[in-house]
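Student: I have this one open on my screen and would like to go through it with you. Could we begin with the inside and work outwards?

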Amino acid sequence: MVLKTFGWSFAVTALGLVAAVLFGGWEALGVVAILCILEISLSFDNAVVNAGILKKMSAFWQKIFLTIGILIAVFGMRLVFPVVIVAISAKIGPIEAVDLALNDAERYEQLVTDAHPSIAAFGGMFLLMIFLDFIFEDRDIKWLGWLERPLAKLGKVDMLSVCVALIVLAISAMTFATQAHQHGGTHVDKASTVLLSGVFGLITYLVVGGLSGFFENKLEEEEEREHEAEEAAKRSGKQVSAVQLAGKAAFFMFLYLEVLDASFSFDGVIGAFAITNDIVLMALGLGVGAMYVRSLTVYLVRQGTLDDYVYLEHGAHYAIGALAVILMVTIRYQISELITGSIGVILIAWSFWSSVRRNKALAAAEGEADSSGKTEVSSGV
């Protein structure tokens, strides 16, 4: 099972490390390995959340996620995306941006660093909306009940998550503008860019999430009528198929996954510049890490891990919330990538440990119930 799920990741790892050695020697090998670990640690929560969505999709779309999806993730976000943001922020063509990345690494890094506030605002708002919609929903299973119960009550207010997100965005933009003014006003105009980027992040979440939810609901309605449709088809000698509807639902869930992955990739791409300016090594390290995130997602789905460890999804969403806050804070302040990666791992590990304790407590309770039942039967005999 492990080899079947992670086989491609192992193969890509071997090729990536060999390519790193051939490209830049043993030092490059170390850089790629560090970048791979960075990407996995920062994106582990992504795998957990992805698994919750992917388990609703068919085996065909899971394969699409691992093939076409990985091409989008690796080449789109880990290679093309840095070039695109440089081209947009510096107002240069993509070819010139690639030339900068390959021949003027310091200038390329500077341009990406300048674009960070806009990137952080977009990604931060998208991730914040995911967290807020999760935490404001009243769920049967609660992890941190003392926090989730009152928030679930507040969540009954319509559009509360959007209002909270916009307030956070406004505060972040004003704080960034204040800092820019204190430093001579060189970047005051970028405060409006931060605000606009955040609004686009919010719109992206609402549009993609809305389409995904709409077709997911349609699919669930169709499944409820599936048995009746099959019986009617048998009586009429025809076949009733829901392939088209399932295809639409799966497509928009796939689109939602890709946008979600893109948002999770922001911190990894930016954090990579703290380790290397070489876009080739960056693509190798982050690409290998992305493969493991994909494989881990499918592993969680096929093993039913989310069903066995019910708090994992909670931990992942709390990690998303923490990452969203960190991204918004980094609009003004610099935060170590070690802190960014550690918070997500700690929260998910904590939720896993809580799930294990819950399972043991339930098993112990069932064991006591069985024992008491046997005792009652024995005494009755």
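Student: Which residues line the second largest cavity?

Tutor: The lining of the second largest cavity is made up of Phe 134, Ile 135, Glu 137, Arg 139, Lys 142, Glu 148 and Ala 152. A cavity here is a set of points, on a 1 Å grid over the protein atoms alone, where a 1.4 Å probe fits but cannot get out, and lining residues have an atom within 4 Å of a point. Bear in mind that this is a predicted model, in which local features need pLDDT of at least 70 and side-chain atom pairs count only at pLDDT 80 or more, while totals for chains, interfaces and linings use all residues. Residues are numbered from 1 along each chain as its sequence is written, and side-chain values use heavy atoms, with hydrogens and water left out.

Student: How many cavities of 30 Å³ or more are there, and how much space lies in the second largest?

Tutor: There are two cavities of 30 Å³ or more, and the second largest holds about 40 Å³, where grid points are joined across faces, edges and corners and a volume is the space filled by probe spheres set on the points.

Student: What kinds of residues are in that lining, and which helices supply them?

Tutor: The lining has three nonpolar, no polar and four charged residues, where Ala, Val, Leu, Ile, Met, Phe, Trp, Tyr, Cys and Pro count as nonpolar, Asp, Glu, Lys and Arg as charged, and the others, Gly among them, as polar. Helix H4 (105–135) and helix H5 (145–154) each supply at least two residues of it; helices (H or I, at least four residues) and strands (E, at least two) are DSSP runs, numbered from the N terminus.

Student: How many helices and strands does the protein have?

Tutor: The protein has 13 helices and zero strands. Of its 381 residues, 45% count as buried, a word that means under 20% relative accessible area, with exposed being over 50% and partly exposed in between (1.4 Å probe, protein chains only).

Student: Back to H4, then: at what angle does H4 cross H12?

Tutor: The axes of H4 and H12 (residues 312–329) cross at roughly 145 degrees and come within 8 Å, the axes being lines fitted to C-alpha atoms, for helices over the stretch in contact, with angles that run from 0 to 180 degrees between N-to-C directions. The residues of this contact divide into 15 nonpolar, five polar and one charged, and contact means heavy atoms within 4.5 Å. On the H4 side they include Phe 134 and Ile 135, which also appear in the cavity lining.

Student: New topic: is Ser 351 buried or exposed, and what does Ser 351 touch?

Tutor: Ser 351, in helix H13 (residues 337–380), is buried because its relative accessible area is 0%. Not counting residues up to four places away in sequence, Ser 351 touches Trp 143, Tyr 311, Leu 312 and Gly 315.

Student: And where is Ser 172, and what does Ser 172 touch?

Tutor: Ser 172 is in helix H6 (residues 160–182) and counts as buried, since its relative accessibility is 11%. With residues up to four places away in sequence left out, its contacts are Met 328 and Ile 331, and Met 328 is also among the H12 residues that meet H4.

Student: Last one: where does Met 159 lie?

Tutor: Met 159 lies in the loop between H5 and H6, and counts as exposed because its relative accessibility is 51%. Its phi is near 60 degrees, a positive value in a residue other than glycine.

Technical notes:
On a 1 Å grid over the protein atoms alone, a cavity is a set of points where a 1.4 Å probe fits but cannot get out, and a pocket is an open set with protein on both sides within 12 Å along at least five of seven lines; lining residues have an atom within 4 Å of a point.
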